[in-house]
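Me: Could you zoom in on one part of this model for me and then work outwards from there? Please spell out your cut-offs as you go, since I'd like to reproduce them.

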Amino acid sequence: MPTLDEELFPSTPGKFKIDHRSYGINRQFYRFFASTSTMFLWALFLIALTVSYLSFQSFVDSSTRYLSASWGGLQWEKQVRTSAEIHRAGGMSVLVTGASGFVGTHVSLALKRRGDGVVGLDNFNNYYDPSLKKARKALVNRHGVFVVEGDVNDARLLDKLLDIVAFTHVMHLAAQAGVRYAMENPNSYVHSNIAGLVTLLEACKSANPQPAIVWASSSSVYGLNEKVPFSELDRTDQPASLYAATKKAGEEITHTYNHIYGLSITGLRFFTVYGPWGRPDMAYFSFTRNILQGKPITVYRGKNKVDLARDFTYIDDIVKGCLGSLDTSGKSTGSGGRKKGPAAYRIFNLGNTSPVTVPALVRILEEHLKTKAKKNILDMPGNGDVPFTHANISSARVELGYKPTTDLRTGLKKFVRWYLSYYGYDAVQP
Ligand SMILES: O=C(O)[C@H]1O[C@H](OP(=O)(O)OP(=O)(O)OC[C@H]2O[C@@H](n3ccc(=O)[nH]c3=O)[C@H](O)[C@@H]2O)[C@H](O)[C@@H](O)[C@@H]1O
């Protein structure tokens, strides 16, 4: 007698062979029918098993997601509201994206200091040492700024934040920064600087009231422009890096949201911002680290052995430009996705107006650090770099009252003092 297993899963061919000599036709039919219906029942049982397994998995997944979500809940909403409270007459409440980044930290502190409400948002990605970002977060926390851990691509989170607080402004500084890294990880630029920007604009255009938006573009949009100093009216259609291209795309994208939905938009073209709590991926920062550790630095040189130059701009000057932009942005005119009238669309250079060559930057650092750098001079590789930048800031001066006051020597002195107090002299980090 075959077992049930053998009936269902015959291991040898011919198990279902009908033996006309020992069984009548009805019996054969009955046997065939019986085994088919048993197979059917087993198939049903297996399907049910698979379905329940899958639903259990998805239940586990969604509960894990819910439990591990770093936002939401009554306590969280209270923290957001408290952080957004305005403590001065005529003040504003600002959602600062990239609030644990270099510029975001300084802008958040400056706004809070003068009595504005500030809520931060940051995804704490690991483009550079996240512990520095956490330290910046702790710093702004101590001054009453709550930083939400989340991504600008999270539409639900943005809607929630704009629902809890009627933000008057959004200072959008979250971005994938860095010119040369774009060759290593191009998608990260598309994710943050294009997709993230659109997600943010979508949330802002639907908000009621719509906030006014000030956001970080970049001096890199001038690309291969040779006319100096760079004016906002110069061409910006020759980007030299994907980073620059995404920032330029951001300028076009924000224009459409201004045009269609009445969002007030101000784009700021920052020129190589430096200072305390800065970005470890930037030259002034990594040079300082290497000089202190006795390691060589690479100094790039342009075509025909011409030194590269940058219009290095000190962070405190940039912060003044950001606050000036927020103060003069005017209101967005739409609400709930409908435009009611024209709103401001502005673009400003925020630079220092006095470019310094990279070798001169190194000399100043050597003086402040009282240590000679070990230099490797290399021809600039074709990796997105531009030979020089130089800002014309007359427009920002007139419209924002922007007036940079810190020269590179003074600014680097403050940076070095911070660096030594943060990392110490013999620090291996970052
Ligand atoms: O102005 C801007 O919009 C941009 O400024 C900086 O970009 P960059 O000016 O290239 O700043 P660094 O990466 O600090 O480079 C400064 C100069 O040092 C040079 N460099 C950099 C690194 C290095 O190892 N050696 C070296 O000579 C670069 O070629 C460049 O000329 C920022 O990194 C960008 O995020 C920002 O958008």
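**The ligand shell and beyond**

Reply: The shell around the ligand splits into eleven nonpolar, six polar and two charged residues. For that tally, Ala, Val, Leu, Ile, Met, Phe, Trp, Tyr, Cys and Pro are nonpolar, Asp, Glu, Lys and Arg are charged, and the others, Gly among them, are polar. One caveat: this is a predicted model, where local features need pLDDT of at least 70 and side-chain atom pairs count only at pLDDT 80 or more, while totals for chains, interfaces and linings use all residues. Numbering runs from 1 along each chain as its sequence is written.

In total, 19 residues surround the ligand, where being near it means having a C-beta atom, placed from the backbone, within 6 Å. The closest are Ser 218, Ser 219, Met 282, Ala 283 and Leu 308. As for secondary structure, strand 8 (residues 296-301) is the top contributor to the shell, supplying three residues. Helices here are DSSP runs of H or I with at least four residues, strands are E runs of at least two, and both are numbered from the N terminus.

Just past strand 8, Lys 305 sits in the loop that leads to strand 9 (309-310). Its phi is positive, near 60°, and it isn't a glycine. Lys 305 is exposed because just 8 other C-beta atoms lie within 10 Å; buried takes 20 or more, exposed 12 or fewer, and partly exposed is in between, with C-beta atoms placed from the backbone. Thr 353 is another non-glycine with positive phi, about 70°, in the loop between strand 11 (345-350) and strand 12 (356-357). With 16 other C-beta atoms within 10 Å, Thr 353 is partly exposed.

Zooming out, UniProt (unreviewed entry) marks residues 94-328 as "domain: NAD-dependent epimerase/dehydratase"; such annotations may be inferred rather than shown by experiment. That span is 43% helix and 18% strand, and its end C-alpha atoms are 14 Å apart.

Next, a helix pair. The axes of helix 6 (residues 155-164) and helix 7 (residues 186-206) come within 9 Å and cross at roughly 35°, using lines fitted to C-alpha atoms over the stretch in contact, with angles from 0 to 180 degrees between N-to-C directions. The crossing is right-handed, so the near helix is turned clockwise from the far one by less than a right angle. Ala 155, Leu 158, Asp 159 and Leu 162 of helix 6 meet Thr 199, Leu 200, Glu 202 and Ala 203 of helix 7, with contact meaning backbone-placed C-beta atoms within 7 Å. By class, this contact has five nonpolar, one polar and two charged residues.

After helix 7 comes a cis peptide bond from Asn 208 to Pro 209, omega near 5°, with Pro 209 in the loop running to strand 5 (212-218). Ser 335 comes in here: it is 127 residues from Asn 208 in sequence, yet 5.0 Å away in space, C-alpha to C-alpha. Neighbours within four places aside, Ser 335 contacts Asn 208, Pro 209, Gln 210 and Lys 340. Ser 335 itself lies in the loop between helix 10 (315-328) and strand 11. A second cis bond joins Val 228 and Pro 229, with omega about -15°; Pro 229 is in the loop between strand 5 and helix 8 (242-261).

For the whole chain, there are 13 helices and 13 strands, and 40% of the 430 residues are buried.

Note on methods
Contact = placed C-beta atoms within 7 Å.
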